[in-house]
Amino acid sequence: MTIMIERDNTIEAPSPPTFEDLLRTVEEMHTPDGFKAELIRGKIVVSPWSRLRYYVPMRALREQLGAHAPEGHVADIAPFLFRFPTAGRAYGPDLFVADLAAFEEDGRHAEGSALSLVAEFTSVSTRDADWVEKLEVYGRLVPVYLVVDMQDAEITCFSEPSPHGYRSRQTVSFGKPLDIPRPFGFALDTAAFGSGS
C-alpha cells in the first residue's frame with residue numbers, strides 16, 4: 001500500500017518585466033521599416049509611422065515651432081523614444097521640441113523631462129493612445145501637448161501640466177489660428193493642415 005501525503009507546493013510565478021527590461025527589449029527589436037515600437041500601458045506596442053499625407057502638416061508645424069522654440073531647444077520628427085520612468089512608459093512622438101542637451105548622452109532613450117512640447121498626429125490605430133494614455137502621462141510633465149486630430153480636422157493644445165494632468169485646453173478646426181502658450185508664445189497657422197480624413 002502506498003500512502004501519499006498532500007502538501008502545498010509554492011510555485012513561483014515569473015515576475016513581470018521591469019521598465020528597464022522592456023526598454024532593453026525595445027532597443028534590441030528590429031522593427032520593420034516604417035514602424036516604431038513604444039511602451040504603452042506597460043506593453044511593447046509596434047505601430048506604423050505616419051502616412052505620407054501627414055508630412056505637409058508635420059513640416060508646417062515643425063517649422064513654426066522651431067522658429068519659436070525656447071533657447072537651446074530643437075523641433076524635430078526624428079524617431080527617438082522619450083522615457084517616463086515613473087509612469088513606466090516610453091514614447092516616440094510624431095513631433096517633439098526638446099532640449100538639445102538631451103541628445104548629448106550615450107544612451108538610446110532621451111528623458112521625458114527634456115521635452116518642452118510634444119505633438120501627436122492621430123490615426124485610426126493610435127487615436128485612443130494619443131487622446132487617453134499619452135495625454136495622462138504628458139499632462140504631468142510636458143509643458144505643451146498638441147493633438148493633431150487628422151480624422152476630425154482639429155488641433156487641440158493642452159498646457160499647464162500638473163500632478164493631475166493638464167489644466168488648460170483649447171481646440172480649433174484646421175485653418176484657424178491656435179494660440180501656443182509659453183514657453184512658445186505665438187499663434188500657430190494651421191492652414192497647411194488640410195481637411196483631415
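This briefing covers the fold, the helix 3 region, the salt bridges and a few single sites of one protein chain. The model is predicted. The protein has 197 residues, and 44% of them count as buried. Its secondary structure comes to 3 helices and 13 strands.

**Overall figures**

- Among contacts with a separation of 6 or more, 52% are between residues 24 or more positions apart.
- The protein has an accessible surface of about 11,400 Å², and carbon and sulfur atoms make up 51% of that surface.
- A nonpolar patch on the surface is formed by Phe80, Leu100 and Phe103, which together have about 250 Å² of accessible area.
- Within that patch, Leu100 comes from the loop between strand 6 (95-99) and strand 7 (109-111).
- Leu100 has a relative accessible area of 45% and is therefore partly exposed, since that class runs between 20% and 50%.

**Helix 3**

- Helix 3 covers residues 127-138, which makes 12 residues.
- At 1.5 Å a residue the helix should span 16 Å, and the end C-alpha atoms are 15 Å apart, so the expected and modelled spans agree.
- The buried residues of helix 3 are Ala129, Asp130, Glu133, Lys134, Leu135, Val137 and Tyr138.
- Glu136 is partly exposed, at 45% relative accessibility.

**Glu120 and its surroundings**

- Glu120 sits in strand 8, which runs over residues 115-121.
- With a relative accessible area of 1%, Glu120 is buried, because the class takes in values under 20%.
- The side chain of Glu120 makes a polar contact of 3.0 Å with the side chain of Tyr138.
- Beyond its neighbours within four places in sequence, Glu120 is in contact with Asp130, Lys134 and Tyr138, among others.
- Further contacts of Glu120 include Pro93, Asp94, Tyr145, Leu146, Val147 and Val148.

**Salt bridges**

- The whole structure contains 8 salt bridges.
- Side chains of opposite charge can pair when their charged atoms come close.
- One of the salt bridges joins the side chains of Glu111 and Arg83, with an N to O distance of 3.0 Å.
- This pair links distant parts of the chain, as Glu111 is in strand 7 and Arg83 is in strand 4 (residues 81-84), 28 residues apart.
- Glu111 is partly exposed, with a relative accessible area of 38%, whereas Arg83 is buried, with a relative accessible area of 15%.
- Glu133 and Arg89 also meet through their side chains in a salt bridge, at 2.5 Å from N to O.
- Because Glu133 lies in helix 3 and Arg89 in strand 5 (residues 89-91), the pair ties together parts that are 44 residues apart in sequence.
- Glu133 counts as buried at 6% relative accessibility, and Arg89 counts as buried at 18%.
- The side chains of Glu136 and Arg140 form a salt bridge with an N to O distance of 3.4 Å.
- Here Glu136 counts as partly exposed at 45% relative accessibility, and Arg140 is partly exposed with a relative accessible area of 44%.
- Glu120, Asp130 and Lys134 belong to one network, joined by salt bridges that share partners.

**Ser123**

- Ser123 is placed in the loop between strand 8 and helix 3.
- Its relative accessible area is 17%, so Ser123 is buried.
- The side chains of Ser123 and Thr126 make a polar contact of 3.0 Å.
- Outside its neighbours within four places in sequence, Ser123 is in contact with Tyr54 and Gln151.

**Ala60**

- Ala60 belongs to helix 2, residues 55-68.
- A relative accessible area of 15% puts Ala60 in the buried class.
- Ala60 and Asp189 are 129 residues apart along the chain, and their C-alpha atoms are separated by 8.4 Å.
- Apart from its neighbours within four places in sequence, Ala60 is in contact with Ala192 and Phe193.

Notes:
Residues numbered from 1 in each chain as written. Predicted model: local features only at pLDDT ≥ 70, side-chain atom pairs only at ≥ 80, totals over all residues. Heavy atoms only, no water. Helix = DSSP H or I, 4+ residues; strand = E, 2+ residues; numbered from the N terminus. Buried < 20%, exposed > 50% of the residue type's maximum accessible area, 1.4 Å probe, protein only. Contact = heavy atoms within 4.5 Å. Areas by Shrake-Rupley, 256 points an atom, 1.4 Å probe, with all protein chains shown as cover. Patch = residues over 30% accessible without salt bridge, like charges linked within 9 Å, V, L, I, M, F, W, Y side chains within 5 Å. Salt bridge = Lys/Arg side-chain N within 4 Å of Asp/Glu carboxyl O. Polar contact = N/O pair within 3.5 Å; in protein donor to acceptor, adjacent residues only side chain to side chain. Expected span 1.5 Å × (residues − 1).
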